[in-house]
Structures are given as C-alpha cells and as structure tokens.
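Visitor: I should like to go through this model step by step, from its surface to its interior. Please show the sequence and the structure before we begin.

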Amino acid sequence: MHVNIPAEYYHRLYIIALCTICLLIALWLSFSTESSIIDSRIKKVRISISQICAFILTILIIFFIGLRPSSGVFVDMNYYAYVYNNIYDGTASNYTQSSRGEWFFYEFGNFCKRLGFSDSKYFLTIAFVYFGLMFTTCLMLMRRNLLIAVLFCYISFSCFSYGVNGMRNGMACSITLMAVTLLCGNKWEKCIAAVLMVLAYGTHHSTSLPCFCAISALLFVKDTKWAIYFWIASIFISLVAGNFVTEFFVNLGFDDRMEQYANLEEEQTVTNNELSGFRIDFIIYSIMPIIMAWYITMKRNFKDKTYQILATTYILSNAFWIMVIRSNQSNRFAYLSWFLYPIVIAYPLLRMNIWDNQDRKTALILIAYSGFTFFMNFVYYA
C-alpha cells in the first residue's frame, strides 16, 4: 500500500504544500495589530480550531510520508526495507553487531514483524512516532497556537530528510525531544523523561549528546548566557584545534558512526554531496536560535525555566557539532541540535510577550523560516 505519487516529486510536493500553508497563516497574522498570539497557561481543557487543523495536518503528513513508495530517491529507505524483510524475524534472536547496543530500534522492528506488518506499514509506524512525538511536544508547550507550532517543526530544514532517509536518527531525536520537554516538568515527568532518554539511546547512540546537554541544562548550566559563551568559544576551538577535538570525541566512543565518518575518504563525501570542512553556511543557519536566546535571556532578561532548558540544550549540542565540523558528514551530528531548532524559535514567539504587534513579527519570522527551507531545496542545492 503506497501513496500513488512518483518518488522524485515527494520532497518538492511536501515543501511547496507546507510553504503555501505557512504563507497563508503568515498573511492571516499580518492583518493583526495586536499580540493575540501570545499564549498563557490554559487551565481548562479546550479544543480550538488551531488544534484541530494541526491534528489533521499531522495525520495527513504521517500517511503521506509513511506510505511513500520504496525508492532509492529516499537514499537509506531501501536499506531499512532490506533489514526489516531479511533480518527481523519477530523474535529477539537475530541480533546483528550494530543492533546489540541500539536494542530498542531492533525490538521495535521485531514488534512490527510480530504484528505481521509489511515494510510499508513498518515505515508508517516509524512516521507515527517521528511526527506524533513532535506534535505531542508542541501540544504540551504551545497548545493555544498549535498549528503555528507544528508548522515550524514540519517545515524545518531537516524535518523531511530525517523522516524518509535518516529514519532511525529522526525517530531517536523525536523521542529525545519529548524527553527534554518532560525534563522541564515535575518529578514524575522527569522520571518519564529518564525512561525516554534510555529508549532514545537504545534507538540511536548519538542521542546521548543532547540527553547529556539537557541534563546539564537542568542541573548545572542554569543561565543560558554561559551556554552562549561556550558556543562562541567552540568556534575558536574548532578553528585552532578542530582535528584534535574530532579525534578526542572519536576516542570517547559515544557513537561508532563518528569514527566511520571521520575516516571516510574525501572523494566519497563529495560524491554524496556532503562536503566536509568549516561550514560557514551551516553555522549561520545554526546561530539564529542563539541570537534569539541572547535577546530574550540577556537583552530582555526573560525568565522561563522551560525555555532555558530548551535553549541551553540546543546551544550546548550545537557547540559540540561546531567542534567536530571538519569531520565528513558532520551535518548528521548537526541534527543532534537542529531537531530542537523549531521549538527554540517557536516557543518564545508563542509564549512570551517579546514585542509590540508580535503577531506581525511572528508572521515575518514564519515566512523567513519557511522561505529558507524553500530556498535551500529549490535554489541552493538545485
């Protein structure tokens, strides 16, 4: 069972459809002369048009992505299909070397196999986890303006690719996103967050980095300005001792893939269009949430524990990526912070009274945010 759309049109259709919705929402916000978008804690359970539309959009995207045709256009999809059809047998007996540590993803595949799912339904289930946890996170943090919140997530630069290509990494980061959100809550929510972090690590070892950064943000780095200073320092560390730092983290062994990427030949990287080196373009992209965090926490002196944990986790994780930016395919490690990018941008826009006429300013940011994704996919990479 597949959506009857040629695989080569999937990405374009996805970007165009979501950019169009973002433009319509932005136009609607631009007519406002108030700051009605600002959310406040809602004590009563209330279903709004925004929530209904966000739910329908999420379901449509889940089925659109989950029921895509099996194709090499989606790069690693055929590999995942091969593993699912030839290794998983519905038991825990067929462990491969790579699945011994990342046990949860392996058991997840076995569970789907025991239910008799085809590879198509298996991918659909992954899409439910990937997008469903993003939706739930936005519902927990920004329920009044849920449609705008999920649009920031779904139109983000890396969202599509980690839904169809790096699916295990995407699934693990969505679990981590929920864990970081719950880490901002009461003690029971923190316990659930700890369980989710274990599951995220069991899905993809690399999520140990954002989990460590989130715990650091909760317990140690309680002022975001120190994370910002560390991020600035990481640029100089990368420029002066980038190769040494990369080797250090490889030897640290938190993710075997890092050693594989560090040892890749340059020709292979160029063939895959994933250039190594000091990526100024990616740093410029990464700095936007950091500028917002500086403005909110240092310039305007807003105090919000949830935002502090979210922003600090993003900044610390991104600083790590900058220090290893010269390694081949380091963009895969950039996603360990980028999955938080839309939440760090959207949360203050929808929850904090930052500016006068915040509706219009949010509209401009939403247009710029979706326009960047459109530009990168239709101009820059084209």
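Visitor: Which residues make the nonpolar surface patch of about 640 Å²?

Guide: The model is a predicted one. Ile-52, in helix H2 (residues 49–66), has a relative accessible area of 40% and is therefore partly exposed. Ile-52 belongs to the patch, whose residues are Ile-47, Ile-49, Ile-52, Phe-55, Ile-56 and Leu-60.

Visitor: How much of the area that the chain exposes is supplied by carbon and sulfur atoms?

Guide: Buried residues make up 53% of the 382 residues in the chain. The chain exposes about 17,500 Å². Of this area, the part supplied by carbon and sulfur atoms is 64%.

Visitor: How many helices and how many strands does the secondary structure of the chain have?

Guide: Among contacts with a separation of 6 or more, those between residues 24 or more positions apart account for 80%. As for the secondary structure of the chain, the count is 0 strands and 18 helices.

Visitor: Which helix gives the most residues to the largest nonpolar core?

Guide: The largest nonpolar core has 125 residues, and Tyr-14, Phe-131 and Tyr-154 have the most contacts inside it. With 12 residues, the helix that gives the most to this core is H5 (residues 119–141).

Visitor: Which residues does Tyr-14 touch, not counting those up to four places away in sequence?

Guide: Tyr-14 is one of the residues with the most contacts inside the largest nonpolar core. Two others named with Tyr-14 in that respect, Phe-131 and Tyr-154, are also among the residues it touches. The full list is Ile-61, Phe-64, Ile-65, Phe-131, Tyr-154, Cys-159 and Phe-160.

Visitor: How far apart in space are His-11 and Asn-377, C-alpha to C-alpha?

Guide: His-11 is found in helix H1 (residues 10–30) and, at 28% relative accessibility, counts as partly exposed. Leaving aside neighbours within four places in sequence, His-11 is in contact with Phe-160 and Asn-377. His-11 and Asn-377 are 366 residues apart in sequence, while their C-alpha distance in space is 8.8 Å.

Visitor: Which residue forms a salt bridge with Arg-168?

Guide: The structure holds 1 salt bridge, and its closest N and O atoms are 2.3 Å apart. Arg-168 lies in helix H8 (residues 167–182) and its partner in the loop between helix H3 (77–86) and helix H4 (103–114), so the pair ties together parts that are 66 residues apart in sequence. Both residues are buried. The partner of Arg-168 is Glu-102.

Visitor: Are the rings of Tyr-285 and Phe-372 stacked or edge-to-face?

Guide: A search of the whole structure finds 33 aromatic pairs. Tyr-285 lies in helix H14 (residues 280–299) and Phe-372 in helix H18 (residues 358–380), 87 residues apart. Tyr-285 is buried, with a relative accessible area of 8%, whereas Phe-372 is partly exposed at 27%. The ring centres are 4.8 Å apart and the planes stand at 15°, so the pair is stacked.

Visitor: What is the angle between the ring planes of Tyr-314 and Tyr-341?

Guide: Tyr-314 in helix H15 (residues 305–323) and Tyr-341 in helix H17 (residues 341–351) are 27 residues apart. Tyr-314 is buried, with a relative accessible area of 0%, and Tyr-341 is buried at 3%. Their rings form an edge-to-face pair, 5.9 Å centre to centre, with an angle between the planes of 90°.

Methods. Residues are numbered from 1 along each chain as its sequence is written. This is a predicted model: local features need pLDDT of at least 70, side-chain atom pairs count only at pLDDT 80 or more; totals for chains, interfaces and linings use all residues. Side-chain values use heavy atoms; hydrogens and water are left out. A nonpolar core is a set of buried Ala, Val, Leu, Ile, Met, Phe, Trp, Tyr and Cys residues joined through side-chain atoms within 4.5 Å. Buried means under 20% relative accessible area, exposed over 50%, partly exposed in between (1.4 Å probe, protein chains only). Helices (H or I, at least four residues) and strands (E, at least two) are DSSP runs, numbered from the N terminus. Contact means heavy atoms within 4.5 Å. Accessible areas come from the Shrake-Rupley method with a 1.4 Å probe; for residues, only the protein chains shown count as cover. Patches are made of residues with over 30% relative accessible area and no salt bridge: like charges are joined within 9 Å, nonpolar side chains (Val, Leu, Ile, Met, Phe, Trp, Tyr) within 5 Å. A salt bridge is a side-chain nitrogen of Lys or Arg within 4 Å of a carboxyl oxygen of Asp or Glu. Rings of Phe, Tyr and Trp (its six-membered ring) pair if their centres lie within 6.5 Å; planes under 30 degrees apart count as stacked, over 60 as edge-to-face and the rest as tilted.
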